[in-house]
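Please consider how the side chains of this protein are arranged, with attention to charged pairs, aromatic rings and nonpolar cores.

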Amino acid sequence: MKILPAEFDGQAIRRVYDESTETWWFSVIDVVQVLTQQPDDLTARKYWNQLKRRLGNEGSQLVTACHQLKMPAADGKQRLTDVATAETLLRLVQSVPSPKAEPIKLWLARVGYQRMQEMADPALSLDRARQTWQQHGRSDKWIQQRMTGQETRNKLTDYWSEHDIKAGSEFAVLTNIIHQEWAGLSVAQHKAKKGLTSHNLRDHMSEAELIFTALAELSTRQIAESVQATGMAENKAAAHNGGRIARQARNQLEAQTGKSVVTGANYLPPSTPAAPELPKAAKAGGAVKPAKPMQAKKAPK
């Protein structure tokens, strides 16, 4: 996750971008502090706790739509705090009488405007992504595979959302199971192998890695659908089985070609520092090699 603070009227509002679910999460306390015009977050926190109790007693779904994530606190330490999406906050603002209500609603709408545009017209999101990848020198073939893989991913996360899997931590657990099964490495170990830190792993995969990731996620969804898997236990079983199908296909391809599908190659600029040393658990696998940039074709003019 990337912590990328924003600002409203000179007031810092902490926010986190979850790459695995492509979701922005905003600090509820920071927004409440703006609305109530409290001098410190402690007073805002007390107000939010009282509001949570009132909303809970009224049976409001707003409180259950909030989650907790670690964010930097005033003392510099990472501490758990309540977070919500822009859509949830837009509804929550209506529960707080404040002269700042309309300005903060406009700000939240503006912050999420691009996402809202893309939800109304998904082609906008695809066009922006295609242009960005072309600017970074990806070939048309790679871009097509990346976009196909994203569509497969979206169908899987849609299934999870509809079958008692929570966005965020539970999505990440299942994603890691699938990846570990097909690649023989966790997502974190694969990123370390490629020398990546805050980067999106899929944006640095080879065409083959993208194809096997998509196969694993497609297999997982179809297996889950065949048994109507619901909840973590049943979807974990589907994730293990779906990942194994892709691993079997990977093993067959590697046996025929003599080349490893999972590589340390990436699209980082040549000046990017080398990857930090891997944890002992990753070294034990014996398959980790130094990352090296993949050759990228020039973007079409």
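In this predicted model, E181 has a relative accessible area of 11% and is therefore buried. Its partner in a salt bridge is R244, with the closest N and O atoms 3.6 Å apart. R244, at a relative accessible area of 34%, is partly exposed. The two residues belong to distant parts of the chain: E181 is in helix α8 (residues 169-183) and R244 in helix α11 (residues 231-257), a separation of 63 residues.

This pair belongs to a set of 14 salt bridges in the structure. In another, D30 pairs with R14, and the closest N and O atoms are 2.9 Å apart. Because D30 lies in helix α1 and R14 in the loop between β3 (11-13) and β4 (15-18), the bridge ties together parts that are 16 residues apart in sequence. Are these two residues buried or exposed? D30 has a relative accessibility of 5% and counts as buried; R14, at 15%, also counts as buried, since the cut-off for that class is under 20%.

A further salt bridge joins the side chains of D82 and K52, at 2.8 Å from N to O. Here strand β7 (residues 78-84) holds D82 and helix α2 holds K52, so the pair connects parts that are 30 residues apart in sequence. D82 counts as buried at 11% relative accessibility, whereas K52 counts as partly exposed at 24%. Salt bridges also form a network, which links R153, R202 and E217. Side chains of opposite charge can pair when their charged atoms come close.

Charged groups also sit over aromatic rings. The charged end of R15 is placed over the ring of W24, 4.1 Å from the ring centre. Similarly, R138 lies over the face of Y267, at 3.8 Å from the centre of that ring.

Rings also pair with one another, and the count of aromatic pairs comes to five. For F8 and W107, the ring centres are 6.0 Å apart and the planes stand at 70°, so this pair is edge-to-face; the angle qualifies because planes over 60 degrees apart fall in that class. F8 lies in strand β2 (residues 6-8) and W107 in helix α4 (residues 101-111), so the pair ties together parts that are 99 residues apart in sequence. Both F8 and W107 are buried, and with F26 they form one aromatic cluster.

W107 also has a place in the largest nonpolar core, which has 27 residues. The residues with the most contacts inside this core are I13, V28, W48, L89, L92, I104 and W107. Which elements give two or more residues to this core? They are β2, α1 (28-36), α2 (41-57), α3 (86-92) and α4. Of these, α1 gives the most, with six residues. The surroundings of L89 can be described in detail: leaving aside neighbours within four places in sequence, L89 is in contact with F26, V28, V31, A84 and L108. F26 thus appears both among the contacts of L89 and in the aromatic cluster with F8 and W107. Apart from this core lies another, of 20 residues, including F171, F212, A216 and A246.

How values were computed:
Residues are numbered from 1 along each chain as its sequence is written. This is a predicted model: local features need pLDDT of at least 70, side-chain atom pairs count only at pLDDT 80 or more; totals for chains, interfaces and linings use all residues. Side-chain values use heavy atoms; hydrogens and water are left out. Rings of Phe, Tyr and Trp (its six-membered ring) pair if their centres lie within 6.5 Å; planes under 30 degrees apart count as stacked, over 60 as edge-to-face and the rest as tilted. Helices (H or I, at least four residues) and strands (E, at least two) are DSSP runs, numbered from the N terminus. Buried means under 20% relative accessible area, exposed over 50%, partly exposed in between (1.4 Å probe, protein chains only). A charge sits over a ring if NZ of Lys or CZ of Arg is within 6 Å of the ring centre and within 35 degrees of the ring normal. A nonpolar core is a set of buried Ala, Val, Leu, Ile, Met, Phe, Trp, Tyr and Cys residues joined through side-chain atoms within 4.5 Å. Contact means heavy atoms within 4.5 Å. A salt bridge is a side-chain nitrogen of Lys or Arg within 4 Å of a carboxyl oxygen of Asp or Glu.
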